[in-house]
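Student: Got a minute to walk through this one with me? I'd like to start with the cysteines.
Tutor: Sure, let's get it on screen.

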Amino acid sequence: MAFMSVLTRDEAQTRAQLLDVHHYTVDLDLTGGDDTFDSRTVIRFTVRPGTGQDAADTFVELKPAELRSATLDGQPLDPADLDDNRLPLTDLAPGEHELRVDALMRYSRTGEGMHRFTDPADGETYVYTQLFLDDIQRVFAAFDQPDLKAVFDLTVKAPEGWTVLANGVTEHTGDGIWKAATTPRISTYLAAVAAGPWHSVRTEHRGLPFGIHCRRSLAPHLDADADEILDITRACFDRYHEKFTEPYPFDSYDQAFVPEFNAGAMENPGLVTFRDEYVYRSAVTDTERQTRAVVIAHEMAHMWFGDLVTLKWWDDIWLNESFAEYMGYQTTAEATRFTGAWTEFGVSRKAWGYDADQRPSTHPVAPDAVEDTAAALLNFDGISYAKGASALRQLVAWLGEKDFLAGINTHFERYRFGNAALADFIDSLASATDRDVHAWAQAWLRTTGVDTLTATADARPGEWTLALDRDGGRPHRVTVGVHDRDLSDGRTLILRERYETDVPHGGAPEPRPGIRPALVVPNDLDLTYAKIRLDETSLETALRGLSGIPDPITRAVVWNSLRDMVRDGALAPGDYLATAAAHLPEETDLALVQGVLAFAGAQITDRYLHPDQRPAALTTLSTLCRDLLRRTEDGDNPGLRLIAVRQFVDAAAHPDTIAAWLADGMVPGGPELDPELRWRVLARLAVLGATDEAAIAAELERDPSAGGQEGAARCRAALPDPDAKRAAWTAMFDGDDLSNYLFTATAQGFWQPEQADLVREYVPRYYEDVLAVAARRGPAIARAAGRWAFPAHAVDAAHLDLGETCLRDGDPVPALRRTLVDQLDDLARALRVREA
């Protein structure tokens, strides 16, 4: 059973008032076998006087396979007293105490705690920790809450040939023993270990050791990108030292690309862990390289936002994630070659926030209270990341970057190696400005939902006016972009001017000289967080001339407006698709092409259009992709060509063309089919019933890597065969053998719009079986089952009724409940769009 008692906010506050935790000494032995490892912990802590009683009670968290022994101040504790994941500590007198715990712990296969992975490519084994948010207790005993910071000393015994990485510099002392340097005071969830026969590239910067690491089978791919990764790392490091007066607070900076990682990355001090898909073994676009750069910048920002100064409790997640998200994009745009990072944020990342903020599960960026750790885990979403970052971008526009950075640096100085809450941060900002940042925070951080700014333009001889009506309650400072048609070709738009305005304006619109513009774009530079509705003339101009808008970030704002209109039933899905077909062949920004095609394929074609309209939509997408392929025949834009090839494969309604590509090993005119493209083609052939198990097995023999294993699982689940569907379902829901990645790959293959009749019986079965697997296997699998195994293709009222009944009567675990609430709200929206 994966269930653990969750820590409540009240319990954490009580324990923080009682204890000062000073030091952890942790010894891990990773040489004991495939399933378990030894964990010995010594915790030194103080019980504060003045608690109103002579002795106090508390508990330490631990989730062992076996608790061998525990002693408190030399006196044995009864292992039988361990209640689920809590070991009681009773009759604690004020003063110093020492707790010793010896336990046998289980390795994880779900990316939680100490995850163990054996690489199918070469048989080498790797382990790493992911201790966020309350998973340290799966590795060693701890007072597991963010405001009980302590110093950590770590020793690891590892198999011969392994390297051990940790929060500080590690030293091999002989006999497989690795000793990590003592850490500064950090929160328990930030302790980290990664061990295995790593391939490493090491360097030094500003006197600190830097390293990047991956499993050996990925070594050639890491080496190929090592200069780019390290150049970005150094550039971000230097830029943060220009912004922040507090220097980097740890003794080294390692970045480990680890297998089967659930998140994008984790900000462990001195040892950032990334999903190793960021070590590209197949061709990628520059937008994907930019995404990797943003993640590098994001995690490095956490060294200050989250690691140096840490939230007191999980209601202030935004103090970690919103800041790292904002700083990641801003610093990438400032310090690297990826100067257009905010365009990608606008067209894809920001949409994540808009969608999350319109669901029943929405919450403020900074909630008043998060009751327990289970609730906190649910808030790592588009609101805490994308909306929070958008709010900070608006704050900088309103406050000015100079005062913003001054407030941040005051905050670091006040709370270094400590903890802080929202009120502390706002006070730090207020010390740097005369503006009312407390009122700003109340309006932006304590409220939910998306404001809508609707433009109305009126023209009179020689002048025109723009009114911006606000549906919502937040103040906005926006840049308005004013565009005229280029009379020489009638298609291109020319920027006449940009001007700033506040919404609400507080008076009548001010006349502006000149004729009525062809296109007026509120929030032209995308500096605020709001849905935008163009005036009627501007909307017509956008639909006809979107590719003629000169600035990519303005185009991103317009595409987002069209996307929101589709979701709100104000623009027909077919019209969006037609606009994409008309303008993407002329688009120069890869992030925009990628983002628009993703929405057109996954949402419009697969969900918003009625099934009998889907074939025509797939034809439109295929024709669009052929246009892009023709445009890129000269080879000068391989990224755009790769995007077109991928989308053409995904939209293929007939197997002949892509089957020929697979047989030839390349697309005519390029590219050659690398592993990612080969598996993508084979998966689509499986959906279309144009391949079989023998072909999948042959491809797996060709590519026996972890990625190949996932590709084969996806293809097998996608076969339109009752036995294949039955086997996939059994693997997902009846057994516990699938790792988190193999579970996801199987789920991705299972449901296909083309196979609705074949899998119809599994829609009600999903709600019968998902409750059990989520409760049995824990939050990571619960989220995967809710996101990837959900029958999203089944857009009908009967499916919605099944889901709502499950929520009402089924008692899903919190991680599953939240995911289902979101999925069912998206389903209801798709039904409304179809009706509209």
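Tutor: This is a predicted model. Cys625 has a relative accessible area of 0%, so it counts as buried.

Student: And how many disulfides are there by the distance rule?
Tutor: Zero. For Cys625, the nearest cysteine sulfur belongs to Cys715 and is 20 Å away. A disulfide needs the two sulfurs within 2.5 Å, so Cys625 is in none.

Student: What about Cys806, buried or exposed?
Tutor: Buried, because its relative accessibility is 6% and the cut-off for buried is under 20%.

Student: OK, switching to cavities. How many turn up at 30 Å³ or more?
Tutor: Four, from a search of the whole structure. The largest has a volume of about 130 Å³.

Student: Which residues sit closest to the centre of that largest one?
Tutor: Phe152, Leu154, Asn167, Ala191 and Ala192, out of 18 lining residues.

Student: Which element gives the largest share of the lining?
Tutor: Strand E10, with three residues. Strand E1 (19–29) also gives two or more, as does E10 (151–157).

Student: And the lining by class?
Tutor: It has 13 nonpolar, four polar and one charged residues.

Student: Now the backbone oddities. Where are the cis peptide bonds you'd point me to?
Tutor: One runs from Val503 to Pro504, with omega near 0°. Pro504 is in the loop between strands E25 (493–503) and E26 (512–513). Another joins Gly670 and Pro671, with omega about 5°, and Pro671 lies in the loop between helices H17 (656–664) and H18 (675–687).

Student: Why flag those at all?
Tutor: Because most peptide bonds are trans, and most residues other than glycine have a negative phi.

Student: So which non-glycine has a positive phi?
Tutor: Asp91 is one, at about 55°. Asp91 is in strand E6 and is exposed, at 61% relative accessible area. Asp175 also has a positive phi of about 55°, but Asp175 is in the loop between strands E12 (170–174) and E13 (177–180). At 75% relative accessibility, Asp175 is exposed too.

Student: Last topic, helix H24. Which of its residues are buried?
Tutor: Ala780, Ile781, Ala782, Ala784, Ala785 and Gly786. Their cover includes helices H22 (740–750), H23 (762–777) and H26 (814–835).

Student: Anything to look at in H26?
Tutor: Try Arg832, which is found in that helix. Arg832 is partly exposed, at 45% relative accessible area. Its C-alpha is 8.8 Å from that of Tyr608, although the two are 224 residues apart along the chain.

How values were computed. Residues are numbered from 1 along each chain as its sequence is written. This is a predicted model: local features need pLDDT of at least 70, side-chain atom pairs count only at pLDDT 80 or more; totals for chains, interfaces and linings use all residues. Side-chain values use heavy atoms; hydrogens and water are left out. On a 1 Å grid over the protein atoms alone, a cavity is a set of points where a 1.4 Å probe fits but cannot get out, and a pocket is an open set with protein on both sides within 12 Å along at least five of seven lines; lining residues have an atom within 4 Å of a point. Grid points are joined across faces, edges and corners, and a volume is the space filled by probe spheres set on the points. Helices (H or I, at least four residues) and strands (E, at least two) are DSSP runs, numbered from the N terminus. Ala, Val, Leu, Ile, Met, Phe, Trp, Tyr, Cys and Pro count as nonpolar, Asp, Glu, Lys and Arg as charged, and the others, Gly among them, as polar. Buried means under 20% relative accessible area, exposed over 50%, partly exposed in between (1.4 Å probe, protein chains only). Contact means heavy atoms within 4.5 Å.
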